[in-house]
Amino acid sequence: MSNKSRNIIILIIILAIICAFFVLKNVDENKKEIKIISGLVVGKNQSGEINFVTIETFGEDGNELEKLSFEVLDENLWNTIKKNKYYFLTYSVKESGSFVLEDVQENDTFGKIYEKVLHEEEESVGKEEQIEKREKFTAIFPSTDRLDTSDLTLLDSVKVDIDNDNKEEIIELYTTAQRDKDGEMMWDDGQKWFLLVHDEDKEYILFDEYVQIGTLEFWVFTSKNDYHILTLQTGSAVLKLSDYTYDIERESFVKKDIFNPEFLNVIHGSTIR
Ligand SMILES: [Ca+2]
């Protein structure tokens, strides 16, 4: 069990005990339906003649934070409540459904646990974001050996000055599938595909994968003066869109996976007839 879950359970137990105590205490005194909640006062506002306090507390599932507002009719009670403090709040529910605050008591226990949970939540969100960022971006450095393309079939090539040094690089798309004597492609169920960028003395391999019943297409475009190479890998179980840009300082390509759903099963793909 994570620290966060344990803290929330402890918090809920403490709150339940205290709620029971207050409810029992208030049932005899007052016929009104009385409820108890713990929370952090995040706002004290006045709307016309009416005073309101807003609290932040754990929602019904105990995990999400939610905000609740209470009318405060009693002037002394209003003056007692301080912003950014933790309280037990005893309140009644009006017929209109709005809440009226009846009493408050400071609640440091809630405060400590609340801050701990918030802190842990921030940490875990930060970590998830970092992992997500790492997963989406890959640096591609020049390969040490040039790929032997003598047995491969060149499907497409284009010359572009992608690193802005006034010399054009060549982008080439290859496959291991061969052409027949009439020049028609003899596709297998699957074959390897390569997307290469040749510079004068370097070669970058942007794509080097076996593609099962599918293809690799690429586009070269500029956006705000930056060059992009966009690839779309299709297949019965793959639809993957990746964007490659050149990082001049690091002399590497940066690959960003834009779209790559898991457990994909393509039901239909359109064709132009
Ligand atoms: Ca260049």
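Select Trp219 and look across to strand 14: Leu230 stands opposite. This is a predicted model.

**The hairpin partners around Trp219**

Now select residues 216–223, which are strand 13. Add residues 226–234, which are strand 14. Eight bridges join these two strands, and they run antiparallel.

**Out to the five-stranded sheet**

Widen the selection to strands 6, 16, 15, 14 and 13. In that order they form an open sheet. The pairing is antiparallel. Which strands sit at the edges? Colour strand 6 (137–140) and strand 13 (216–223): each pairs on one side only. Turn the view to look across the strands. Neighbours in this sheet are turned by 25° against each other on average, with direction ignored.

**Across to the four-stranded sheet**

Next, select strands 7, 8, 11 and 12. They make an open sheet in the order 7-8-11-12, again with antiparallel pairing. Here the edge strands are strand 7 (153–160) and strand 12 (203–212), each pairing on one side only. On average, neighbouring strands of this sheet are turned by 10° against each other, direction ignored.

**Strands 8 and 11**

Keep residues 169–175, which are strand 8. Add residues 190–198, which are strand 11. How many bridges join strand 8 to strand 11? Six, and the two strands run antiparallel. For one facing pair, pick Ile171: Val197 in strand 11 stands opposite.

**Stop at Phe194**

Stay on strand 11 and select Phe194, which lies within this strand. Is Phe194 buried or exposed? Phe194 counts as buried because 20 C-beta neighbours lie inside 10 Å, and the cut-off for buried is 20 or more.

Now show what Phe194 touches. Leaving out residues up to four places away in sequence, the contacts are these:

- Leu147, Leu152 and Tyr174 are among them.
- Ile205, Phe207 and Asp208 are also included.

Then draw a C-alpha to C-alpha distance from Phe194 to Thr175. The two are 6.2 Å apart in space and 19 residues apart in sequence.

**Zoom out**

Finish with the protein chain in cartoon view. The secondary structure comes to three helices and 16 strands. Colour by burial: of the 273 residues in the protein chain, 18% are buried. Phe194 is one of the buried residues. Last, turn to the contacts with a separation of 6 or more. In the protein chain, residues 24 or more positions apart account for 42% of them.

Methods
Residues numbered from 1 in each chain as written. Predicted model: local features only at pLDDT ≥ 70, side-chain atom pairs only at ≥ 80, totals over all residues. Buried ≥ 20, exposed ≤ 12 C-beta atoms within 10 Å, placed from the backbone. Contact = placed C-beta atoms within 7 Å. Pairing = 2+ DSSP bridges. Axes fitted to C-alpha atoms, helices over the stretch in contact; angles between N-to-C directions.
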